[in-house]
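Visitor: I'm new to this structure and would like a close look at just one part of it. Could you pick a spot and walk me through what surrounds it?

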Amino acid sequence: MAVRKLAPEEMQPDSFTFSSENMEFVAQQIAKYPPGRQASAVIPLLWRAQEQAGGWLPRKAIEKVAEVLDMPQIRVMEVATFYTMFNLEPVGKYFIQFCGTTPCVLRGAGDIKKVLESRVGEQNHVSADGTFSWLEVECLGACCNAPMVQINDDYYEDLTAENFEKLLDDLAAGRPVKKGSQIGRRSSEPLDDVKTLTDPHLYDGSQIGAWRKRFEEEAAASATTGEAAAATASAPSTPKPAKPEAGRVIETEKANTPAKRAKEGEAPVSASERKEGSDGSKATAVEPRTENGAKPAPQSDKSYVATPSKPSEGRATADAPADKNNKS
Ligand code: FES
């Protein structure tokens with residue numbers, strides 16, 4: 001993206017004031033937002049200021065918008081310089097945005113660019129008579145009818161060097177011009193014969209609600225053939241419970257709880273028996289042995305087992321601490 005700067009001082013007007021009609025517009029825009037939120041109207045106000053100033057935003061217009069919205073000037077400046085829809089330098093009466101993105105280039109945008117360069121000159125400069133200026137922009141979303149340009153608020157599509165020359169001639173002479181496709185294509189329909197969506201029923205309204213009609217017909221057909229009645233008749237009047245072996249989780253009395261043991265007549269464990277059972281001095285000590293009967297090696301007093309590291313693989317270990325300064 002090009003660096004977006006305000007126009008040089010010598011191009012800047014001394015003042016900017018909204019016209020009375022535009023001040024009404026400003027009041028309407030501000031009234032759309034709650035008190036204290038008038039800054040939300042910054043973009044429509046900048047747009048209207050640009051229209052009033054002849055297609056670009058002088059410094060004084062940006063400052064005026066900041067004033068009426070009670071915003072710091074730098075905040076409005078940020079918006080104006082960020083969005084490419086705002087022109088920061090004067091533009092021609094017809095401001096041409098030329099699409100230089102791949103689909104348009106593949107369809108001949110290079111020829112259109114040559115016409116612009118020969119008729120208008122370098123981009124970002126207004127022609128000597130003030131009629132035209134142009135700027136190369138990214139895709140304008142009309143790739144189906146590439147190559148194309150936007151002139152002020154309208155698209156001109158399916159351009160060739162010849163029809164674009166004529167278009168510029170007509171604009172310069174004030175003659176009416178055709179917007180959209182320049183070769184008579186309607187909207188973005190195929191250039192040649194239409195090969196898809198050719199069924200006339202798609203356009204006569206007969207397809208509206210077709211899916212509902214189909215479902216209703218199928219339901220009626222199944223009722224007629226007795227399928228629905230047969231399904232109802234075969235349904236059991238008293239559903240049987242699901243079988244546990246069918247994979248469903250069921251509750252069982254498998255837990256060996258004191259309550260269950262008491263229910264089965266087993267004498268509960270007394271408090272003194274419980275105390276005796278938890279006395280470690282009465283426990284039978286069993287010395288650990290390895291598989292061949294030898295005593296195991298004494299254990300570390302650490303409560304974890306360190307993961308073995310391989311210094312050769314570059315991992316830091318306690319014995320071979322990583323030396324951040326050693327680059328070898
Ligand atoms: S590439 Fe030109 S309009 Fe999309």
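**A close look at one strand**

Guide: Let's start with Gln 97, which counts as buried because its relative accessibility is 17%, and the cut-off for buried is under 20%. Keep in mind that this is a predicted model. Gln 97 sits in strand S1, which covers residues 94-99. If we skip the neighbours within four places in sequence, Gln 97 is in contact with Leu 135, Val 137, Leu 140, Val 149 and Gln 150.

Now widen the view to the strand itself. Six of the six residues of S1 are buried, so the strand is largely enclosed by the rest of the structure. In a regular strand, side chains alternate between the two faces of the sheet. Here, Tyr 94, Ile 96 and Phe 98 point one way from S1, while Phe 95, Gln 97 and Cys 99 point the other way. Whichever way they point, all of them are buried.

Next, the partners. S1 has strand S2 (residues 132-137) running parallel to it, and six bridges join the two. One example is Phe 98, whose bridge partner in S2 is Glu 136. S1 is also joined to strand S3 (residues 149-151), this time by three bridges, and those two strands run antiparallel. Our starting residue takes part here: the bridge partner of Gln 97 in S3 is Gln 150, a residue already listed among the contacts of Gln 97.

S1 also leads us to the largest pocket, which holds about 1000 Å³ of space. The pocket is lined by 37 residues, and those closest to its centre are Thr 84, Phe 86, Asn 87, Phe 95 and Leu 135. You've met two of those names already: Phe 95 points the same way from S1 as Gln 97, and Leu 135 is one of the contacts of Gln 97.

Who else supplies the lining? Helix H2 (42-52), S1 and S2 each give at least two residues, and S2 gives the most, with five. Sorted by class, the lining has 15 nonpolar, 14 polar and eight charged residues. As for where the pocket lies, both domain 1 (9-82) and domain 2 (94-181) give residues to the lining, so the pocket lies between them.

To finish, compare another glutamine. Gln 29 lies in helix H1 (residues 20-31), and it is buried because its relative accessible area is 8%. Again leaving aside neighbours within four places in sequence, Gln 29 is in contact with Ala 41, Pro 44 and Leu 45.

Note on methods
Residues are numbered from 1 along each chain as its sequence is written. This is a predicted model: local features need pLDDT of at least 70, side-chain atom pairs count only at pLDDT 80 or more; totals for chains, interfaces and linings use all residues. Side-chain values use heavy atoms; hydrogens and water are left out. Helices (H or I, at least four residues) and strands (E, at least two) are DSSP runs, numbered from the N terminus. Buried means under 20% relative accessible area, exposed over 50%, partly exposed in between (1.4 Å probe, protein chains only). Contact means heavy atoms within 4.5 Å. Two strands pair if DSSP finds at least two bridges between them. On a 1 Å grid over the protein atoms alone, a cavity is a set of points where a 1.4 Å probe fits but cannot get out, and a pocket is an open set with protein on both sides within 12 Å along at least five of seven lines; lining residues have an atom within 4 Å of a point. Grid points are joined across faces, edges and corners, and a volume is the space filled by probe spheres set on the points. Ala, Val, Leu, Ile, Met, Phe, Trp, Tyr, Cys and Pro count as nonpolar, Asp, Glu, Lys and Arg as charged, and the others, Gly among them, as polar. Domain bounds come from an automatic or database domain assignment.
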